Amino acid sequence: MFAEYSTSELLSIFAMQGVAGLILFSVFVLMALGLAIIFGQMGVINMAHGEFMILGAYVTYLTSNVFASYFADLFSIYFIIAMILAFIAAALLGALVEWAMIRHLYNRPLDTLLATWGLSLILQQLYRSVFGAREVGVTLPDWLMGSYQLTDSIELPINGLFVMCLALGISLTIAVLMYRSRWGTQVRAVVQNRAMAGAVGINTARVDRMTFALGCGIAGVAGSAFTMIGSTGPTSGQLYIVDTFLVVVFGGASSLLGTIASAFSISQAQSAMEFFLSGSMSKVLTLLFVVFILMLRPQGLFTLKVRR
């Protein structure tokens with residue numbers, strides 16, 4: 001497989017696939033961060049996470065059309081506004097879902113799996129009824145078009161660079177919220193001992209609702225970023241839900257750092273193998289590797305340390 005390439009060609013190929021892997025890594029991080037908060041911090045198996053992501057994508061699509069039709073002079077800034085609206089829309093829907101359904105199912109993971117799977121089917125049908133079954137795309141502003149020529153054979157798309165910066169910014173924001181804020185302290189207290197957290201005056205129901213809403217809001221932003229690399233359809237979210245859960249479980253369900261490390265490992269492995277193998281075979285080999293590691297270390301790459 002490698003014999004037909006010279007050393008310089010192999011280095012160029014791995015560098016090119018490494019850049020592509022960084023873009024895939026950024027997408028994985030954006031998708032997995034919201035799920036890491038919901039699944040890792042709350043223990044809720046949210047099978048509708050992909051549909052919250054697609055809600056953000058559709059909000060971006062609608063915002064694009066509105067700006068193109070009524071605010072053409074401001075079209076260059078619509079994408080920033082669309083990401084904010086996507087976060088708000090997905091977070092509000094998440095808060096409603098937590099209040100109406102999830103709060104009755106805590107400590108019942110299989111029930112949350114079935115309930116959110118049913119919710120995902122409902123949302124898919126709702127999207128199909130409102131937007132139609134055909135996939136839709138958005139028109140990107142000019143400043144997100146084009147690419148930077150790093151070398152003769154390696155180009156870095158500007159929209160890929162934007163996704164990387166967005167993933168970095170959201171990761172740092174979540175880290176500050178979780179480990180340097182009063183709300184983050186309350187979240188971690190509820191995760192470690194819900195009864196004791198409630199006994200010392202923490203409103204656990206409010207913390208749960210805000211946490212679920214935040215995770216869904218991040219999924220909405222991921223959906224907004226997703227429109228830059230692919231078209232949006234009613235079932236597009238299901239294409240990524242498996243990879244997202246894989247990233248979270250492999251990294252350690254309660255560790256944001258583990259989620260980032262897992263996303264980097266999986267994205268780089270897939271990107272490198274996809275050049276030499278088919279896309280499906282690279283996914284199979286990646287999955288087998290992850291399963292093997294989880295057999296040796298069931299808690300994932302990183303685990304939450306708790307005083308006993």
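Start by selecting L287: at 42% relative accessibility it counts as partly exposed, a class that runs between the buried cut-off (under 20% relative accessible area) and the exposed one (over 50%), with a 1.4 Å probe and protein chains only. L287 sits in helix α11, residues 279-296. Helices here are DSSP runs of H or I with at least four residues, strands are runs of E with at least two, and both are numbered from the N terminus. Now add Q270 to the selection: Q270 and L287 are 17 residues apart in sequence, and their C-alpha atoms are 9.8 Å apart in space.

Before you go on, note that this is a predicted model, so local features need pLDDT of at least 70 and side-chain atom pairs count only at pLDDT 80 or more, while totals for chains, interfaces and linings use all residues. Residues are numbered from 1 along each chain as its sequence is written, and side-chain values use heavy atoms, with hydrogens and water left out.

**Zoom out**

Color by secondary structure and you should get 11 helices and two strands. Walking along the sequence, the order is α-α-α-α-β-β-α-α-α-α-α-α-α. Of the 308 residues, 48% count as buried.

Next, try the spans from the record. An unreviewed UniProt entry lists "transmembrane region" for residues 20-40, 52-71, 77-97, 158-179, 212-233, 239-263 and 275-296; the positions are in the numbering used here, feature names are shortened, and annotations may be inferred rather than shown by experiment. Select 77-97 from that list: the span is 95% helix and 0% strand, with its end C-alpha atoms 31 Å apart. Then select 158-179, where the chain is 100% helix and 0% strand and the end C-alpha atoms lie 32 Å apart.

**The start of α5**

Stay there and pick I158, in helix α5 (residues 158-179). Is I158 buried or exposed? I158 is buried, because its relative accessible area is 17%. Show S147 as well: it is 11 residues from I158 in sequence, and the two C-alpha atoms are 5.0 Å apart.

**α1 meets the α8 stretch**

Jump to G34 in helix α1. G34 has a relative accessible area of 0%, so it is buried. Measure in your viewer from its C-alpha to that of A213: the two are 179 residues apart along the chain, yet separated by 9.3 Å.

Now select α8, residues 204-226. Its 23 residues should span 33 Å at 1.5 Å a residue, and its end C-alpha atoms are 33 Å apart, which agrees; the expected span is 1.5 Å times one less than the number of residues. Because 19 of those 23 residues are buried, α8 is largely enclosed by the rest of the structure.

**Just before α8**

Select N203, in the loop between α7 (194-199) and α8. N203 is partly exposed, with a relative accessible area of 45%. Which backbone nitrogen does the side chain of N203 reach? It is that of R206, at 3.1 Å. That is a polar contact: a pair of N or O atoms within 3.5 Å where, within protein, one must be able to donate a hydrogen and the other to accept it, and residues adjacent in sequence count only if both atoms are side-chain atoms. From N203 to V190 is 13 residues in sequence and 9.3 Å in space, C-alpha to C-alpha.

**A hole to look into**

Keep V190 on screen and add Q41, M42, V187, V191, R194, V207, D208 and T211; together with V190 they line the largest cavity. A cavity here is a set of points on a 1 Å grid over the protein atoms alone where a 1.4 Å probe fits but cannot get out, and lining residues have an atom within 4 Å of a point. The volume of the largest one is about 50 Å³, and there are three cavities of 30 Å³ or more. α1 (7-42), α6 (182-192) and α8 each supply at least two residues of this lining.

**Past α8 to α9**

Select S236, in the loop between α8 and α9 (238-251). S236 counts as buried, at 3% relative accessibility. A polar atom of its side chain lies 2.8 Å from the backbone nitrogen of G233.

Finish on α9, whose 14 residues reach 21 Å from first C-alpha to last, close to the 20 Å expected at 1.5 Å a residue. Among its buried residues are I241, D243, T244 and F245. Right after α9 comes G252, with a positive phi near 110°.

Note on methods. On a 1 Å grid over the protein atoms alone, a cavity is a set of points where a 1.4 Å probe fits but cannot get out, and a pocket is an open set with protein on both sides within 12 Å along at least five of seven lines; lining residues have an atom within 4 Å of a point. Grid points are joined across faces, edges and corners, and a volume is the space filled by probe spheres set on the points.
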